[in-house]
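Subject: Structure for you to look over

Hello,

Here is the structure I promised to pass on. Please open it first, then read my notes below.

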Amino acid sequence: MTTAPDITVPTLAAAPGPTQAATPPRIKFSSHGFCIDHPDPELGAQLMANALGVADRDAMDGILRQLVKASVSGGKPCEVNLAFMISMMRSIRPRDSVEAMLVAQMVSVHVMAMRCAHHLAHAKDLAQHDSAARALGRLARTFPAQIDALTRHRSQGEPAITVQNVKVEDGGNAIVGNVTQHASVIVSDNTPASAARTAPKAAGSSRRRNSADAGQDAQT
């Protein structure tokens with residue numbers, strides 16, 4: 001009987017390439033804590049830092065430890081929750097340290113919201129139901145607020161564009177570009193169109209004065 005030879009399948013980390021560079025390594029838990037599961041510790045740390053959107057090892061260690069604590073389920077860190085949270089952070093792609101912290105909060109809030117939804121579905125009495133429902137409601141309101149905060153932060157430095165309807169009458173000119181108005185500056189309108197608009201008023205006043213003078217002359 002001939003036995004097939006053992007075949008060793010190389011892991012993704014054993015063959016560096018573009019796909020590996022974009023994929024963060026897994027986290028391995030032990031009785032002493034956790035570590036980045038990668039054959040090259042330096043490369044593994046760099047891949048994890050890229051996934052979390054941080055610039056250095058200290059920031060990566062801090063965010064990662066916070067995610068580990070937020071992933072706790074049943075009294076101990078959950079490898080599945082942690083892998084999910086890291087994957088979500090990688091997909092959102094934080095651009096700086098502020099975004100990295102905010103996105104870490106976002107994925108943590110989502111995990112906790114789903115945990116509260118689980119408790120709500122398995123509530124055994126009214127007290128548990130109300131407690132889980134209140135917690136789920138607060139977390140559900142927090143998450144879109146975090147999305148809005150991330151959107152506002154990312155829009156900083158980008159020029160705001162305001163589009164308004166502009167009505168231009170015959171003989172007028174439209175201004176295309178940025179217009180800045182200051183309350184302390186008063187600009188008089190000396191355009192020909194303005195003068196033409198005020199001319200009939202002056203003529204009407206003159207006719208009324210002439211009519212009044214004529215009436216006085218008739219009385220005398």
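Start with a pair of helices: H2 crosses H3 in a left-handed sense. On the H2 side, the contact is made by Ala45, Met48, Ala49 and Leu52. On the H3 side, it is made by Arg57, Met60, Ile63, Leu64 and Leu67. By type, the residues of this contact are eight nonpolar, no polar and one charged. The two axes come within 10 Å and cross at roughly 70 degrees. H2 and H3 are therefore roughly perpendicular to each other. Bear in mind throughout that this is a predicted model.

The chain as a whole

The chain holds seven helices and two strands. Along the sequence the order is α-β-β-α-α-α-α-α-α. The chain has 220 residues, and 20% of them are buried. Take the contacts with a separation of 6 or more: residues 24 or more positions apart account for 51% of these.

H3 against H4

H3 has a second partner to look at. How do H3 and H4 pack? Their axes are 9 Å apart, and the angle is about 135 degrees. That makes H3 oblique to H4, because the angle falls outside the ranges that count as roughly parallel, antiparallel or perpendicular. H3 passes H4 in a right-handed crossing. From H3 come Ile63, Leu64, Leu67, Val68 and Ala70. They meet Leu82, Met85, Ile86 and Met89 of H4. This contact divides into nine nonpolar residues, no polar and no charged.

Ile63, Leu64 and Leu67 are listed in the contact with H2, and they are listed again in the contact with H4.

The cores

The largest nonpolar core has 25 residues. Which members touch the most others? They are Leu52, Met60, Leu67, Ile86 and Met89. Four helices each supply at least two residues of this core: H2 (41–52), H3 (57–70), H4 (79–92) and H5 (97–121). H5 gives the most, with seven residues.

Leu52 is worth selecting on screen. Setting aside neighbours within four places in sequence, Leu52 is in contact with Met60, Ile63, Leu64 and Leu67. Met89, Pro94 and Ala100 are on the same contact list for Leu52. Another core lies apart from the largest one. This other core has five residues, among them Val109, Ala113, Cys116 and Ala135.

The loop between H3 and H4

Two serines sit here. Ser71 is in the loop between H3 and H4, and Ser73 is found in that loop too. Is Ser71 buried or exposed? Ser71 has 0% relative accessibility, so it counts as buried. Ser73 has a relative accessible area of 38%, so it is partly exposed.

Now their contacts, not counting residues up to four places away in sequence. Ser71 is in contact with Lys76, Pro77, Cys78, Asn81, Leu82, Met85 and Arg115. Ser73 touches Cys78 and Asn81. Cys78 and Asn81 are on the list for Ser71 and on the list for Ser73.

Arg115 comes up again with Ser73. Ser73 and Arg115 are 42 residues apart in sequence. In space, their C-alpha atoms are 8.8 Å apart.

Two arginines

Arg93 is found in the loop between H4 and H5. Its phi is near 60 degrees, a positive value in a residue other than glycine. Arg93 has a relative accessible area of 63%, over the 50% cut-off, so it is exposed.

Arg138 is in helix H6, residues 126–155. Arg138 is partly exposed, because its relative accessible area of 48% lies between the cut-offs of 20% and 50%. Which distance separates Arg138 and Ala113 in space? It is 8.7 Å from C-alpha to C-alpha, with the two residues 25 apart in sequence. Ala113 is one of the residues of the five-residue core.

Where to look

If you have time for three views, take these. View the H2 and H3 crossing, at roughly 70 degrees. Then view H3 on H4, at about 135 degrees. Finish with Ser71, buried in its loop.

Best wishes

How values were computed:
Residues are numbered from 1 along each chain as its sequence is written. This is a predicted model: local features need pLDDT of at least 70, side-chain atom pairs count only at pLDDT 80 or more; totals for chains, interfaces and linings use all residues. Side-chain values use heavy atoms; hydrogens and water are left out. A nonpolar core is a set of buried Ala, Val, Leu, Ile, Met, Phe, Trp, Tyr and Cys residues joined through side-chain atoms within 4.5 Å. Buried means under 20% relative accessible area, exposed over 50%, partly exposed in between (1.4 Å probe, protein chains only). Contact means heavy atoms within 4.5 Å. Axes are lines fitted to C-alpha atoms, for helices over the stretch in contact, and angles run from 0 to 180 degrees between N-to-C directions. Angles under 35 degrees count as roughly parallel, over 145 as roughly antiparallel, 65 to 115 as roughly perpendicular and the rest as oblique. A crossing is left-handed if the near helix is turned anticlockwise from the far one by less than a right angle, and right-handed if clockwise. Ala, Val, Leu, Ile, Met, Phe, Trp, Tyr, Cys and Pro count as nonpolar, Asp, Glu, Lys and Arg as charged, and the others, Gly among them, as polar.
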